[in-house]
Amino acid sequence: LAATLLACFAVTLCRASLRASAPVEAAGVQSPGDVQRRLTEDSDELPATDDIQGEAKDDFRPKYRLEAAKADFNKEEALEDERYNTEKENDLVTGALVGTGGLSQAGENLVEELQEQQTKEETAELNEEKEKKEALDSSEVRIEEELEKEKLKAEALEERGVYKEKEVEFLEQELREEESSADKLREEQTVKEEEAERLKTKIRDEEVSAEEFEQKGKSKEEEVKGLKTKIEAQEKSAEEFEVKEKEEEEEEGEKEEEEEGEEEEEHFSASDQEVAYMLLGSVALVVSLFYFVNWDDDDIRLYTWSILSMTISIFTSVLMFHGLGEFLSAAVEEMEEFTKVAAQYTQVFVYLVVLQLTVGYESGMIGSDSYVQINLDEDHWTIADAMRADHGRQLTPSEEDRVRNKSGTRSNMIDLYGNEVPVMKRKLVLEQRTRRIKCFALLLAHMTAFAAIRAGSTLQHTTLFSSSPFMAFLPVILTAVPIQLCFTVSNAYRTYHLESAKQAGRAGRRAKMAHEAIVEAENDIMSLSTSFLTVQCIRFALSGILADGEGLEEPEKPHGLKTIGGLYLVSLIFAALSSRMALWIALQPEEEEGEEERTSTRFAEMAMSTFGDGFAWSLLFATRYVCVVIPFIKMETMFGRVEFALILSIFAGVTILGLDAVDDAFKASGNDEASGPVIGTIINALGLFVGFSWEQSFSFGVEAVTATTPHKHFVQLAIGTFVFILMVRPWRRFILTKVMYLEEFKKSQTPAKEKYSARAMPMGHGTENGKHPHH
């Protein structure tokens with residue numbers, strides 16, 4: 001009984017172990033249908049083939065299915081190993097029970113039944129496993145086939161991707177071609193717009209010319225009417241002459257034929273007439289200059305020589321400036337507008353530095369010690385006969401021995417032919433030094449002033465400042481302030497040299513000479529630039545057109561009476577302000593020797609010059625507006641500009657005569673001290689007035705000469721340099737010397753007249769306590 005119970009317990013344990021292994025097998029082993037269903041479910045979770053890119057193209061469905069099937073097969077092998085181990089344990093239990101010898105027959109039967117049942121189950125399981133293996137084999141085959149299909153699809157997709165890439169490259173190339181064609185269209189549009197602007201300009205010019213033709217047509221109609229009247233009168237006279245004899249008619253007919261032939265031969269072109277007018281006007285101008293420079297009034301001679309000197313200095317310096325400035329303009333032409341402005345102002349400061357150094361060297365303020373140690377007060381005997389060719393020449397030592405009275409300042413010399421030649425003592429070194437300082441200071445001042453004018457005008461034409469006359473006036477201040485700062489620095493530099501000379505035991509005479517010349521040059525620079533830019537703003541406000549750096553309007557249009565009259569009124573206002581400042585300066589007490597110039601006097605002189613130059617600029621451009629309106633003066637031609645300069649020169653000559661009459665009237669009344677500065681200011685303005693008109697004519701002539709040359713800038717610089725070298729030396733030696741001599745002569749006349757009048761006037765007559773009122 002105990003053995004039976006033990007066997008039953010062992011059997012129960014075996015069945016329990018078998019049942020425990022059965023769910024594991026059911027959970028681990030899957031039928032072919034389950035494998036196929038799982039593959040299908042997994043395939044639904046996989047990404048679409050069209051979304052596969054890059055390396056993910058190789059990870060398609062068939063490959064994934066094959067790996068899943070291999071994983072299931074490995075699990076089944078693991079379960080089969082587990083069942084094999086369980087059987088071994090059962091065999092060991094059975095052997096243990098049999099070995100006890102306590103098994104009964106019934107237990108053996110049970111064991112046999114269990115073994116048979118187990119054998120059947122194993123057989124069934126083996127069959128199922130075979131079926132599963134066969135299903136797996138068939139699924140693997142199908143998966144391999146699908147893998148091949150998917151590979152083909154992947155290759156097709158790769159080919160399709162390559163085609164797409166080529167298509168994208170083709171589209172990108174088409175896009176680039178379209179962009180280039182769009183750029184070409186934009187360039188063509190820009191060219192068309194420029195052509196449209198040129199056509200508009202031509203149309204405006206043609207409208208102006210059409211108006212001129214209409215005016216000419218009207219005048220021609222009037223001429224035709226006059227001719228018709230003449231013809232009618234001639235017809236009447238012809239009827240009267242018919243009564244006369246046939247012989248007389250034949251003779252008169254022959255005479256008329258001869259006259260008609262002569263008229264046909266004497267036909268001249270318009271250019272011939274223009275050259276003839278210019279020739280006659282030039283001859284008349286030269287002859288009138290001879291009259292004025294040899295007038296029997298010293299004041300008229302001084303005014304004429306001053307205007308001639310100013311004209312030549314402006315013409316020479318501005319022509320040289322244009323030759324140098326064209327290179328700078330060509331270098332900055334493609335730059336931004338404010339870069340151009342910076343380059344122009346840099347040019348101004350360079351000219352200022354050159355002015356300071358040149359005048360300082362010529363005066364002896366800076367330079368070598370040998371140059372400084374030259375004696376400026378040394379007297380030399382010179383020939384004082386103005387009719388001789390060697391007038392002003394220094395006498396040789398042998399000639400000095402033949403001077404009669406060597407102790408005086410004037411005497412006579414006996415030449416080799418026994419003739420008496422008047423001689424006089426002169427400080428030749430001082431005169432030469434003063435003349436050279438005056439020459440270079442004046443030329444460089446004009447070049448610096450016109451550089452400042454071009455810089456300020458360039459700033460006025462920028463987008464920021466060209467919107468209104470008020471905005472255009474701001475560059476006037478922006479130009480004047482930095483230039484004045486440079487003047488302050490140069491003044492401190494000259495003061496340093498003057499103090500250094502005094503500390504070294506010298507009088508500082510050379511520093512004073514440089515200071516006087518540079519102060520006068522700085523006043524010219526400030527007055528010319530400020531007045532020109534201010535008049536530009538006034539013209540902009542009156543006409544609505546902002547002129548270029550030379551004061552020209554491109555193209556020039558006729559202006560109305562309001563604009564012309566307004567500009568003439570502005571010129572009168574400037575003249576009145578300049579005269580008032582001149583009177584204020586004349587009434588100020590004279591500075592003592594060695595005393596520094598007062599700041600108020602310096603700014604008053606600068607304001608006087610600015611108002612005087614403003615008068616000249618306003619008068620110049622107002623007269624130019626008048627000449628543009630006149631039909632027979634064509635300002636766009638060379639002949640028109642020469643006509644304009646001749647008209648202004650004649651006006652200046654008439655003005656000189658009028659100013660001399662005014663000066664004589666003031667001298668007769670004893671108020672010549674007040675009239676002198678005022679008239680001097682107006683004369684300087686007239687010099688600028690005439691000089692700039694001739695400079696415009698010469699500049700236009702240089703442009704006409706260089707228009708057809710391949711290297712225009714080099715030719716302009718060459719012409720400017722040639723004219724500069726040709727004109728500066730004779731201007732300095734003959735014209736500027738004459739102006740300086742006449743100015744010194746006029747200054748020396750006033751004290752002499754006062755002394756003479758004091759000696760000639762009786763004591764107490766017209767005096768107070770026996771003293772002359774001027775004293």
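Two strands count as paired if DSSP finds at least two bridges between them, and with that meaning in hand the sheet in this predicted model can be read strand by strand. Three strands form an open sheet, arranged in the order β1-β3-β2, and their pairing is antiparallel. Besides this sheet, the briefing looks at a pair of helices, α8 and α11, and at two cysteines, Cys486 and Cys537.

**The sheet**
- The edges of the sheet are formed by β1, which covers 380-383, and by β2, which covers 410-414, and each of these strands pairs on one side only.
- On average, and with direction ignored, neighbouring strands of this sheet are turned by 45° against each other.
- Strand β3, made of residues 420-426, pairs with β2 in the antiparallel sense, and this pairing runs over five bridges.
- Ser411 has its bridge partner in β3, namely Val423.

**The helix pair**
- Helix α8 spans residues 337-363 and helix α11 spans residues 428-460, and their axes come within 9 Å while crossing at roughly 170°.
- Because angles over 145 degrees count as roughly antiparallel, α8 and α11 are roughly antiparallel to each other.
- Where α8 is in contact with α11, the residues divide into 19 nonpolar, seven polar and five charged.

**The cysteines**
- When the whole structure is searched for disulfides, zero are found.
- Cys486 is partly exposed, since its relative accessible area is 26%, whereas Cys537, with a relative accessible area of 6%, is buried.

Notes
Residues are numbered from 1 along each chain as its sequence is written. This is a predicted model: local features need pLDDT of at least 70, side-chain atom pairs count only at pLDDT 80 or more; totals for chains, interfaces and linings use all residues. Side-chain values use heavy atoms; hydrogens and water are left out. Helices (H or I, at least four residues) and strands (E, at least two) are DSSP runs, numbered from the N terminus. Axes are lines fitted to C-alpha atoms, for helices over the stretch in contact, and angles run from 0 to 180 degrees between N-to-C directions. A disulfide is a pair of cysteine sulfur atoms within 2.5 Å. Buried means under 20% relative accessible area, exposed over 50%, partly exposed in between (1.4 Å probe, protein chains only). Angles under 35 degrees count as roughly parallel, over 145 as roughly antiparallel, 65 to 115 as roughly perpendicular and the rest as oblique. Ala, Val, Leu, Ile, Met, Phe, Trp, Tyr, Cys and Pro count as nonpolar, Asp, Glu, Lys and Arg as charged, and the others, Gly among them, as polar.
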